[in-house]
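Okay, thanks for having me. I'd like to walk you through this structure a few residues at a time, so let's get it up on the screen.

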Amino acid sequence: MTRTTDGSGPSASPRAAALVGAGIFLSRIAGFARDALMSRLLGVGAVMDVWALAVRIPNVIQVLLGEGTLSASMIPVYAEMLEEGKEEEAGRFAGAALGLVSVAAWGTALLGIFAASPIAELFTALSPDQRLLLASLLRLFFPMVALLAMSAWALAILNSHRRFFVSYVAPVLWNLGIITALVVFGLGLGWARAGRQMDLAVAVAWGALAGGALQLAVQAPFLVPVLRHFRLSLSARVRGVREAVRAFVPIVLARGVVSLGGLVDAALAALLAGGAISALHFAQRLYLLPISLFGLSVAAAELPELSRRRQADATVLAQRVRTGLRRVWLLVIPTAALYLAVGDLIVGTLYQGGDFGPDSTALVYLVLGAYAIGLPASAGSRMLSSAFFALRDTRTPALLSVVRMLLSAAVGVSLMFPLDRYGLGSLRLGAVGLALGASAAAWTEYGLLRRRLGRALQVPHGVGSAYAARVLVSAAVAGGAAWTAKLALGSAYPARRGWAAALVEALGGAPAAVSSAAAAAGTALLFGVVFLAAARATGLDVRPGALRRR
């Protein structure tokens with residue numbers, strides 16, 4: 001039986017979640033550095049709209065072979081083999097999985113490269129120059145995503161061996177490839193100042209392709225020690241492959257629906273005023289941060305442990321799900337409140353400058369606020385889906401993801417056109433309607449997942465109404481305090497010049513970004529202090545490790 005030094009048993013999960021969260025945090029920091037440069041060099045407009053769209057289209061490979069799909073289909077099978085001490089069978093299974101993943105990923109990538117121009121022509125709402133740029137980007141993004149699919153295989157293997165950190169920090173190198181291209185071509189060679197944004201976008205896509213190769217390569221030294229009986233093959237007869245494929249199909253459907261929903265949102269945003277796709281892109285970067293840091297980290301850490309205990313009493317599984325959901329909500333609900341209260345300061349600090357002006361900051365903040373309403377549901381659904389995957393039920397999350405996509409599109413369409421009549425300068429508010437549709441659909445999916453899991457376990461598994469109320473009250477009090485402080489210190493939306501700007505001027509003047517950063521830091525610090533005080537007053541235990549065995 002395989003043992004690691006990363007911990008095992010009941011106490012391993014919180015530590016594993018911390019390792020996953022640390023890796024994701026570092027990769028997200030690199031991602032924010034990337035987006036900060038992109039926002040200043042490309043802004044919210046035609047070229048950034050194409051970039052955001054081009055990133056989504058090759059997601060067909062990510063849907064089939066990405067991190068979530070391979071983890072959900074491979075880890076339950078592979079981890080169970082390790083738990084049973086069948087290391088040789090596990091090695092053969094890993095080799096067959098890699099062979100099949102590689103053929104599928106690169107076959108799809110080649111088709112995407114040859115079909116780039118016809119795909120671009122489907123987006124008739126774009127200008128001819130935008131469609132040409134889209135085709136050029138797709139020819140680079142399809143092979144990039146194939147590399148990321150192979151990286152997802154490495155993540156699934158390492159997670160099963162409880163080696164969590166390296167696979168989640170590896171995307172730092174992907175971001176580094178993009179950042180390098182932005183610095184060299186955008187700043188060093190001055191392409192942004194010279195108005196060569198389209199050339200810059202293509203150069204950055206080459207950086208993304210190189211970064212994908214680095215992301216895969218950095219995991220190789222950590223894979224070698226754990227793959228003792230690894231044999232690369234294309235055989236579907238290897239034990240576990242057929243079981244993984246049976247689980248794979250509904251997971252692909254679920255992931256495909258999620259990806260298709262994102263592509264539908266981008267296609268719908270293309271029908272709105274210019275800048276809508278870009279606004280969704282930048283808001284989603286912040287929206288996905290707590291989902292990845294808290295929802296994904298807890299779900300990823302719990303999946304191997306739940307899979308090892310699939311045959312255990314339902315009460316044991318329900319307790320793990322409840323503990324996981326409480327960890328998620330304790331961190332995600334305050335984050336959502338912070339976004340709603342002072343998201344404009346966060347957006348301004350990260351993105352504003354160059355071609356990204358105050359109107360862009362206000363629009364992205366409003367989109368982020370709409371997304372924040374559904375944050376707890378989206379993050380919680382990750383944990384619930386992991387429970388279904390561990391129970392070898394991949395059909396239920398797949399079906400409910402269809403419901404989520406359809407509802408999101410329906411609500412989004414009903415809101416986006418009316419809201420697009422209103423605007424901030426040259427930018428319109430239609431993207432806010434799409435984000436509101438996504439939040440409504442997220443809560444619907446969460447409720448249905450809870451109901452179906454309750455039927456499967458026949459024992460309570462939720463966070464509990466009293467616990468949820470304490471978290472909500474504490475977050476609301478902290479959000480109110482932060483909002484009040486924002487109005488005093490200065491805010492981007494509503495536009496208000498406050499003490500922070502006056503203080504900066506009194507000290508000799510500084511760029512506007514400094515006063516925005518000072519206001520953001522001050523309000524965020526106040527939020528944290530007030531939340532901890534309110535949590536203590538309501539009896540909410542927020543000490544590190546307090547939720548490990550709750």
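Let's begin with rings: F282, Y351 and F356 come together as one aromatic cluster. Before I go on, keep in mind that what you're looking at is a predicted model. Across the whole structure, the search turns up eleven aromatic pairs. One that I'd like to show you is F185 with W191: the ring centres are 5.0 Å apart and the planes sit at 45°, so we call this pair tilted. And if you're wondering about those two numbers, a pair of aromatic rings is described by how far apart the centres are and by the angle of the planes.

Now, are F185 and W191 buried or exposed? Well, F185 has 26% relative accessibility, so it goes down as partly exposed. W191 has 15%, and because buried means under 20%, W191 counts as buried.

Stay with W191 for a moment, since it has another neighbour. R196 lies over the face of W191, 4.1 Å from the ring centre. R196 also has a salt bridge to D199, with N to O at 3.0 Å. Both of these partners are partly exposed: R196 has a relative accessibility of 35%, and D199 has 37%. There's another arginine over a ring elsewhere, by the way: the charged end of R326 sits over Y467, 4.6 Å from the ring centre.

So, how many salt bridges does the search of the whole structure find? Seven. Here's one that links two helices: E445 bridges to R404, and their closest N and O atoms are 2.6 Å apart. E445 belongs to helix α18, residues 430–457, while R404 is in helix α17, residues 395–419, so this pair ties together parts that are 41 residues apart in sequence. E445 is buried, too, at 8% relative accessible area. Then there's a network, where salt bridges with shared partners join E88, R92 and R231. And one more: D35 and R34 meet through their side chains at 3.1 Å, N to O, and both D35 and R34 are buried.

On to the inside. Take helix α2, residues 46–56: eight of its eleven residues are buried, so the helix is largely enclosed by the rest of the structure. If you want to find them on the screen, the buried ones include W51, M48 and D49.

Another inside residue is F388, in helix α16, which covers residues 375–390. F388 has a relative accessibility of just 2%, so it counts as buried. What does F388 touch, leaving aside residues up to four places away in sequence? The answer is D393, T396, P397, L449, R452 and L453. And have a look at A456: in sequence it's 68 residues from F388, yet the two C-alphas are 9.1 Å apart in space.

Last stop, the surface. F25, L26, I29 and F165 make up a nonpolar patch there, with about 350 Å² of accessible area together. Which helix gives the largest share of that patch? That would be helix α1, residues 12–42, with three residues. F25 is found in α1, and with a relative accessible area of 42% F25 is partly exposed.

That's my tour, and I'm happy to go back to any part of it.

Terms used. Residues numbered from 1 in each chain as written. Predicted model: local features only at pLDDT ≥ 70, side-chain atom pairs only at ≥ 80, totals over all residues. Heavy atoms only, no water. Helix = DSSP H or I, 4+ residues; strand = E, 2+ residues; numbered from the N terminus. Buried < 20%, exposed > 50% of the residue type's maximum accessible area, 1.4 Å probe, protein only. Contact = heavy atoms within 4.5 Å. Patch = residues over 30% accessible without salt bridge, like charges linked within 9 Å, V, L, I, M, F, W, Y side chains within 5 Å. Areas by Shrake-Rupley, 256 points an atom, 1.4 Å probe, with all protein chains shown as cover. Salt bridge = Lys/Arg side-chain N within 4 Å of Asp/Glu carboxyl O. Phe/Tyr/Trp six-rings, centres within 6.5 Å; stacked < 30°, edge-to-face > 60°. Lys NZ or Arg CZ within 6 Å of the ring centre and 35° of its normal.
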